[in-house]
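User: I would like to learn how to read the main features of a protein model. Could you take me through one example?

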Amino acid sequence: MSGDDRGSRHARHAHLAKSLSLFDLTMIAIGSSIGSGIFLTPSSIAAALPAPAAVLAVWAAGGVMTLAGALTFAELGAMLPSGGGVYLYLTEAYGRLVGFLYGWAYLVVVTTGALAALALAFATYVGYLVPLGPWETKLVALGGLVLVTVVNVVGVKIGALFSDVFTVLKLAAIAGLIALGFALGTGATTDFSTPLGVLPNGVGSAVATAMVGVLWSYGGWQHASFGAAESRRPARDVPLAMVIGTLTVMIVYVAVNVAYMRLLSPARMASSPEVAAAAIGTVLGRAGGVAIA
């Protein structure tokens, strides 16, 4: 990219409010990762890999892979502390065409599919509280999308506050789940020494299936780079936010899976779509499941 292009880009971003702190960016990185994944995918992963040690291994491996990406993006974020995130990095490295194609793919495929999945996951847990039919589920999912869109259109600081509050609430709920799992769960619920055994489609296929859910659950930390143009200290805070966010998510995911398996057997995990609510329900009853949902 030429110097004129960079100057034009900086000029376009000059009017943006520099209101995002390191805490805000870190909450974006964590909040964008910890969404429906850890509340839904452990069920499908337990079904694919019935050995508890293998389940923990794929979650740890996914965290290491994600951290490698975060460290790469941290370097890029320090070098290019401007708005645009992945689009900017690809444009600088490979030219406008690659950046343009990525931008459209991200808009019409990547983000669209991810938002649809997140919205349906939101509606799934609402369905734990109130029975929903197929059309009601779709309307609740759409309503969630509209609400979050309106909040972010109002302004970047309001959007950041929304992200901060709900990320802290999610972390508090998960911290409670982990604490209950370690305090009230029992090691007798799950035998962590259970061997993987013979799988119908082979170990490689099972691990590949599990990693789809794992990597999808880890995705989102790179969103912190999108707010670089609205960060107070982008060259410092954007890289730190992505690395801190990724490490936090990795620790949380491994710990929460241990907690799940202290509260539920692998077979019960595999059969419970709302695994978090089911896990808490084993020790606190319906009220605990409702609180998590």
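Analyst: The discussion below moves from the overall fold to one helix and then to two residues. Please bear in mind that this is a predicted model.

User: Which secondary-structure elements does the protein have, and how many of each?

Analyst: One begins by counting the elements and then reads their order. The protein has 12 helices and 0 strands; from the N terminus on, every element in the run is therefore α, written α-α-α-α-α-α-α-α-α-α-α-α.

User: What does the radius of gyration say about the protein?

Analyst: The value is compared with the one that a compact globule would have. For 293 residues that reference is near 19 Å, and the protein has 20 Å, so the two agree. As for its extents, the C-alpha atoms fill a box of roughly 65 × 40 × 35 Å along the principal axes.

User: How should I read burial, contacts and surface in the protein?

Analyst: Each is read as a share of a total. Buried residues make up 42% of the 293 residues. Of the contacts with a separation of 6 or more, 78% join residues 24 or more positions apart. The protein exposes about 13,900 Å², with carbon and sulfur atoms supplying 73% of that area.

User: How far apart are the mean positions of the positive and negative charges?

Analyst: The mean positions of the 14 positive and 11 negative charges are 3 Å apart.

User: What span should helix H8 have, and what do its end C-alpha atoms give?

Analyst: A helix is checked by its rise for each residue. Helix H8 covers residues 156–184, and at 1.5 Å a residue its 29 residues should span 42 Å; the end C-alpha atoms are 41 Å apart, which agrees.

User: Which residues of H8 are buried, and what covers them?

Analyst: Among the buried residues of H8 are Gly159, Ala160, Ser163, Asp164 and Thr167, along with Ile174 and Leu177. Their cover includes helices H2 (22–33), H3 (37–48), H7 (134–154), H10 (234–263) and H12 (275–292).

User: Why does Asp164 count as buried?

Analyst: The test is a relative accessible area under 20%. Asp164, in helix H8, counts as buried because its relative accessibility is 11%. Leaving aside neighbours within four places in sequence, Asp164 is in contact with Phe23, Asp24 and Met27.

User: Is Gly197 buried, partly exposed or exposed, and where does it lie?

Analyst: Gly197 is partly exposed, because its relative accessible area is 47%. Gly197 lies in the loop between H8 and helix H9 (203–218). Its C-alpha atom is 8.0 Å from that of Ala51, although the two residues are 146 residues apart in sequence.

Key:
Residues numbered from 1 in each chain as written. Predicted model: local features only at pLDDT ≥ 70, side-chain atom pairs only at ≥ 80, totals over all residues. Heavy atoms only, no water. Helix = DSSP H or I, 4+ residues; strand = E, 2+ residues; numbered from the N terminus. Rg over C-alpha atoms; globule rule 2.2 N^0.38 Å. Buried < 20%, exposed > 50% of the residue type's maximum accessible area, 1.4 Å probe, protein only. Contact = heavy atoms within 4.5 Å. Areas by Shrake-Rupley, 256 points an atom, 1.4 Å probe, with all protein chains shown as cover. Lys, Arg positive; Asp, Glu negative; His and termini not counted. Charge placed at Lys NZ, Arg CZ, Asp CG, Glu CD. Expected span 1.5 Å × (residues − 1).
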